[in-house]
Amino acid sequence: MSWDPVFGLVGVPGHKWDAAFEDAIKRVCSETAYEDEVMPSAPKRMRRDENSSSSRDDAIVPEIDTEAEETENNKFTNDKPYVRTRVPKVPTSSEGGEKSNETAEEEGLGFDYFVPDSPQDVRFSIEQKFLLEMPQDFFDLWECCKKINAEKPEEALQKAGLTLVGPYDILTGKLKKLKTRRVSSYVCHWRYYHDPPEFMTVIAGDRDEYHIGYFRDDPFQMPNFVASMSSAKAGIIKPLGENIFAGVCSYLTQRMKEENPFKKTPLQRLYKEVEAFAKTKNHPLQAITEDMKKRNKNMVTKSFHGAGIVVPVRNDVGYREIPETSASLRMMFQKVMDAKTEEEKNRKFEDIQELITNVQFAYDEGDYGMGLELGMNMFIYGGEAFHKAIFHLLAVGYDLLGREPYVDIIQAHLKNRRRGSNMSILEMPE
């Protein structure tokens, strides 16, 4: 069992690996390895949350033209799942035979899938491309914005400096312009530098890279809450409420406090329109609900982003603490970032490598939360020097926890991690 000598997992002499841990490593490696030809691969089916308040049968979703001509053959049904086709390996030279200097781990970050024709059901279409199912309040906000601005619903909140983005661009039709229908492109659409896989941006602000999105611990369940992030406090996730209406109203309330009386009036009108629509749909507007309080009690650690990590813990198995304080971890990370040479960087990474070895034992013994915490802290801290370690810590942790879509998302994001205010994938050359 081994990784890159500096950044990856390393075998521990005399240690017998747990079978589940070895299987997880094999799954991650096999799923991220390139093939020399296009290989069909059926995705794992989404688990349905039986206790979810959202039901596909009962929910009302907007009617919309999908991105491809729809036929009976490309409808998405529960009986016949769509199939993603793996992207073939791209040659590293014009001759196609020269071998790359990249390690197996670096090649793993290049994994990708083609997305087939869009399903007619817009809810399935979003899940097909972004790998996550959207809650009913997401579609209700679209209907609310259509009442405010029938011609361009995505711009209905622009008086407050907000624009509907991300999966809303399926509804606007903007993603029809995306020529290469790759999963990696879709999941990186409006994904900011510090957005972890658990956070999905759906609204972009007009300053400080402010954005609002859904946060969910488990990709197969509905979001736990709506939160905001911005460059003002880089990497910090601020919960705003249980649903997107609560998030928008929380933002409008704060913005009204900051604006002068002349600019406050249109914001007040906008708030009343959003509030009234939320009430007709029975969406609570509290900043903190009972369900959010329950989740807070289940957090095993806050992590660097502050929103916390939740993993199953049974009989004290599921999480163990990192034997370092947040301050000492930041110092370790900064030493690596300050290194002037590759040799110095490798030397400064030794303390982190020791922690990664501790994570190996934790994974082996069922304490999956430790690896998630260490990998997430590296991710939020930022820096390409940590990308290999981030990928393996999080990919194995997510796999062991059965959160496979997050493996796909973290791979794509680390390969295309950008800073800035316009995170539309349409702005990137294809």
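Mentor: The secondary structure of this protein comes to 15 helices and eight strands, and we should keep in mind throughout that the model is a predicted one. Of its 430 residues, 54% count as buried.

Trainee: What share of the contacts with a separation of 6 or more joins residues 24 or more positions apart?

Mentor: Such residues account for 68% of those contacts in the protein.

Trainee: Why is Arg216 called buried or exposed?

Mentor: The relative accessibility of Arg216 is 1%, and the cut-off for buried is under 20%, so Arg216 counts as buried. The residue is found in the loop between strand 6 (211-215) and strand 7 (225-229).

Trainee: Which residues does Arg216 touch, if residues up to four places away in sequence are not counted?

Mentor: Arg216 touches Leu132, Glu133, Met134, Glu198, Met200, Gln221, Met222, Pro223, Asn224 and Tyr406. As for Val310, its C-alpha lies 9.7 Å from that of Arg216, while the two residues are 94 residues apart in sequence.

Trainee: How do you know whether Lys297 is buried or exposed?

Mentor: We set its value against the other cut-off: Lys297 has 72% relative accessibility, and exposed means over 50%, so Lys297 counts as exposed. Lys297 has its place in helix 9, and from C-alpha to C-alpha it is 9.3 Å from Val310, with their positions 13 residues apart in sequence.

Trainee: What makes the phi of Trp190 worth a remark?

Mentor: The phi of Trp190 is near 60°, which is a positive value in a residue other than glycine. Trp190 is found in the loop between helix 6 (183-187) and strand 5 (199-204). Its relative accessible area is 11%, which is under the 20% cut-off, and therefore Trp190 is buried.

Trainee: Where does Asp316 lie, and is it buried or exposed?

Mentor: Asp316 lies in the loop between helix 9 (290-298) and helix 10 (326-338). Asp316 is not a glycine either, and its phi is positive, at about 65°. With 71% relative accessibility, set against the cut-off of over 50%, Asp316 counts as exposed.

Trainee: Let us turn to the helices. Why are helix 12 and helix 13 given the name that describes their directions?

Mentor: Two packed helices are described by the angle between their axes and the distance between the axes. Helix 12 (residues 350-364) and helix 13 (residues 368-381) pack at an angle of about 150°, and their axes are 7 Å apart. Angles over 145 degrees count as roughly antiparallel, so helix 12 and helix 13 are roughly antiparallel to each other. Their crossing is left-handed.

Trainee: Which residues meet between helix 12 and helix 13?

Mentor: From helix 12 come Ile352, Leu355, Ile356, Asn358, Val359, Ala362 and Tyr363, and from helix 13 come Tyr368, Met370, Gly371, Leu372, Leu374 and Met378. The residues of this contact divide into eleven nonpolar, two polar and no charged.

Trainee: What makes helix 4 and helix 8 oblique to each other?

Mentor: The axes of helix 4 (residues 136-148) and helix 8 (residues 261-280) come within 10 Å and cross at roughly 135°. This angle is neither over 145 degrees nor in the range of 65 to 115, so the pair is oblique. The crossing of helix 4 and helix 8 is right-handed. In this contact Asp140, Glu143, Cys144, Lys147 and Ile148 of helix 4 meet Leu270, Glu273, Val274 and Phe277 of helix 8, and the residues divide into five nonpolar, no polar and four charged.

Trainee: How do you know how helix 4 and helix 7 are set to each other?

Mentor: The axes of helix 4 and helix 7 (residues 244-258) cross at roughly 55° and come within 8 Å. Because that angle falls neither under 35 degrees nor in the range of 65 to 115, helix 4 and helix 7 are oblique to each other.

Trainee: Which residues touch the most other members of the largest nonpolar core?

Mentor: They are Leu374 and Met378, in a core of 91 residues. The largest share of this core, nine residues, comes from helix 14 (residues 387-400). Leaving out residues up to four places away in sequence, Leu374 touches Ile322, Leu329, Phe333, Leu355, Ile356, Val359 and Leu393.

Conventions
Residues numbered from 1 in each chain as written. Predicted model: local features only at pLDDT ≥ 70, side-chain atom pairs only at ≥ 80, totals over all residues. Heavy atoms only, no water. Core = buried A, V, L, I, M, F, W, Y, C linked by side-chain atoms within 4.5 Å. Buried < 20%, exposed > 50% of the residue type's maximum accessible area, 1.4 Å probe, protein only. Helix = DSSP H or I, 4+ residues; strand = E, 2+ residues; numbered from the N terminus. Contact = heavy atoms within 4.5 Å. Axes fitted to C-alpha atoms, helices over the stretch in contact; angles between N-to-C directions. Left-handed = near helix turned anticlockwise from the far one by under 90°. Nonpolar A, V, L, I, M, F, W, Y, C, P; charged D, E, K, R; others polar.
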